[in-house]
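Student: Pick one part of this model and take a really close look at it for me. Start with the metal sites, then work outward into the rest of the fold.

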Amino acid sequence: MRPLFRFSLIAAAAIAFAPLTALAGGASIDPIGEATTSHADYASNLIIKYREGSAGRVNANALNMAVAHAALLQSGAQMHYYRTLASGAHVMQLNREMPIRELEAAARAMVATDPNIEFAEPDRRAYKALTPNDTQYTKQWHYFEKTAGINAPAAWDASTGNGVVVAVLDTGYRPHGDLARNIVSAGYDMVTNVSTANDGNGRDNSALDPGDWHFAGQCSSDDRGGNSSWHGSHVSGTIAAVTNNGAGVAGVAFGAKILPVRVLGRCGGQASDMADAITWAAGGGVWGVPANTTPARVINMSISGTGSCPAAMQNAINFARSRNTVVVVAAGNFNKNSSGYWPANCSGVISVAAVGRTGGKASYSNFGNLVTLAAPGGDMANSQADGVYSTVNTGTMSPVGDGYAFYQGTSMATPHVVGTVALMLAKKPSLTPDQVASLLKSTARSFPKTCDECGAGMLDSAAAVAAASR
Ligand SMILES: [Ca+2]
Ligand SMILES: [Ca+2]
Ligand SMILES: [Ca+2]
C-alpha cells in the first residue's frame, strides 16, 4: 500500500464545489439534483500527466501536487499515487467514488492553474455486454436470458456482424422502419409461379412481400385458409433488425446486411426456385437473372418440406459451399426425426432445432442425429411472451403498417444461428462452412432441460464468436 497523502490546502483553484450526497447503493443525487444511476457516471481514479521535465513527471509519489489537491479538496476527496502508465501519466486513486462531472471540473481547474500539467481526466469506466436501447428489447428473452438465451450481449462486445451479407430465402421483406436500413438491396424474387407469387408476375427484381394470405381450400383440400405471415420480415428482424436506435427490437447481427431472396408465397414454394435462389445468393449465375452484386456469406432457410433432399437443392448447396457460403436451415416443426424433411436432411447444412424459454425442446421441434444444434425458437403453449419477438406487418392480407409479434418455430431458432454465424464471419472471414459448424458445436452449452437428439447443445453466441476470434 502506498501512503495516503494528506494535504494542507494552499491557494485553492477558483472553482466551487457543492457538497456531495454520499453514495448509497451505487446511486446518488448529484449537487444539482439530477438523478444519476449508472456506475459509468462515477470514477474513483484520476489520470494526470505532467509535462516532460516537470517535477510531477519525475515523481508523482513525492511531488508537490498542490494544485491538483486543491482542486479536489473542496469536494472532500483525497487522493494518493497509485501507479504510472507507460506514457508517463500517473494514475491517482481517490479515497471514494466521485461523479464524473465533478472530476472533470476539477481536472479542468488543474490544467488551467498548473502549466506543468499536460492533461488531467477521470479514469472512466467501460462495460462489457452492450445492452441495446431498443424500447422492446426486454421482450427478447431469447437474446439475454440466462436459461435459454443465446448470450448475445457478450457477443456484441466482440462483433456486430459488420460487413457480412446474409441471404434470407423466404417470403420476402417489408421496408419496416426497424429493418429497412439493414436491407442491402431489393434482392430478387425467385418465385416463378404467378399464383404462389401473389405479386402479379413471376420472377422479378423486387423481393418485397405482398402478403401470403390464402383462402380456405386454396392450398389444399384441407386448407382452412390463413392470414399473411410476414414470415420473411420476422426472420430478417431476428438476424439484423436496426439496433440501438431507441425503437422497436434488436437483431442478433445488427451490423450485417440482409439480402432478401423471395422463394415462398401463397402455399409455400418450390425446390426448383429455392435451388436457383441458393445459387444466386452465393454469387452464382442464374439464367435470366442479373448477377448478384452482393453475394452472401451465409444463407438462412427457415423452410421445411417432407421427403428426401431434392437433388437440385443438394447441387445448389454444394455450389454454395464451394463459394464458402454457409447454409443454415430449420430442422422442421413436426416433432419428428428431421431425416424425413428437407432441406434439414441435405448434406453440408447446419440444421437447427428449437428450444423454448425453459431451455427444453420446443414441443413442435424436429430432432435426430442430423440436427447440428438448438437455438431459441420459443414455445407459446403457456404464454405469447415465450415466443420469439421480431418485426412483422400489421396487415392480415396486403401490407398495412409496421408491427412486432411473437412467433414460434424452428423458423425462429434458425436466424439466431445465422446471426451468430455473421458475427463469427465478421471476426474471421476465412472460416469455411465446416469450420463454422465445428465451432458452433464445440461452443454450444448444455441444455438446462431435456432436449433429446437436439444436436451438440444450445447456441452460445458469445462463446462461438470468441472461438472464431482465436
Ligand atoms: Ca414476382
Ligand atoms: Ca416481386
Ligand atoms: Ca430497433
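Tutor: First, a term you'll meet all the way through: a residue is buried if its relative accessible area is under 20%, exposed if over 50%, and partly exposed in between (1.4 Å probe, protein chains only). This is a predicted model, where local features need pLDDT of at least 70 and side-chain atom pairs count only at pLDDT 80 or more, while totals for chains, interfaces and linings use all residues. Residues are numbered from 1 along each chain as its sequence is written, chains are lettered from A and ligands numbered from 1 in the order in which they are written, and side-chain values use heavy atoms, with hydrogens and water left out.

Let's go to the calcium ion (ligand 3). Its protein donors are D134 (OD), D178 (OD) twice, V242 (O), N245 (OD1), A247 (O) and V249 (O), at 2.3 to 2.8 Å. A donor here is an N, O or S atom within 2.8 Å of the metal, or 3.2 Å for Na, K and Ca, and with water not among the atoms a site may look incomplete. Along the chain, the donor residues run D-x43-D-x63-V-x2-N-x1-A-x1-V. Two of the donor residues are well out of reach of the probe: V249 is buried because its relative accessible area is 0%, and V242 counts as buried at 2%.

Now the calcium ion (ligand 2). D189 (OD), D199 (OD), D204 (OD, listed twice) and S206 (O) are its protein donors, 2.3 to 2.7 Å away, and their spacing reads D-x9-D-x4-D-x1-S. This ion sits 3.4 Å from the calcium ion (ligand 1), and D189 coordinates both. D189 belongs to strand β8 (residues 188-189) and D204 to the loop between α6 and α7, so the pair ties together parts 15 residues apart in sequence. Those labels are DSSP runs numbered from the N terminus, with helices being H or I over at least four residues and strands E over at least two. D189 counts as buried because it has 0% relative accessibility, and D204 is buried too, with 12%.

That same loop brings us to a salt bridge, meaning a side-chain nitrogen of Lys or Arg within 4 Å of a carboxyl oxygen of Asp or Glu. R203 pairs with D276, their closest N and O atoms being 2.9 Å apart. R203 lies in the loop between α6 (194-197) and α7 (231-240) and D276 in helix α8 (residues 271-281), so parts 73 residues apart in sequence are tied together. Both count as partly exposed, D276 at 25% and R203 at 26%.

The whole structure holds 8 salt bridges. One of them joins the side chains of K49 and E118 at 4.0 Å, N to O. K49 is in strand β3 (residues 42-50) and E118 in strand β6 (residues 117-122), so this pair spans 69 residues of sequence. K49 counts as buried at 15%, whereas E118 is partly exposed at 36%. R321 and D434 also meet, at 3.2 Å from N to O; they connect helix α9 (residues 311-322) with helix α11 (residues 433-443), 113 residues apart. E145, R357 and D386 form a network of salt bridges.

Next, the interior. A nonpolar core is a set of buried Ala, Val, Leu, Ile, Met, Phe, Trp, Tyr and Cys residues joined through side-chain atoms within 4.5 Å. The largest one has 53 residues, and the members touching the most others are I350, V417, M424, V436 and L440. Helix α10 (residues 410-427) gives the most to it, with 9 residues. A separate second core of 34 residues includes Y188, M274, A316 and V329. Contacts (heavy atoms within 4.5 Å) of I350 include V328, V329, V417, V436 and L440, leaving aside residues up to four places away in sequence.

V328 leads into the strands, which pair if DSSP finds at least two bridges between them. Strand β12 (residues 326-330) runs parallel to β10 over 4 bridges, with V328 as the bridge partner of N300. β10 also pairs in the parallel sense with strand β7 (residues 165-170), over 3 bridges, where I299 partners A167. Strand β10 (residues 298-301) is covered on both faces: V298 and N300 on one side, and I299 and M301 on the other, are all buried.
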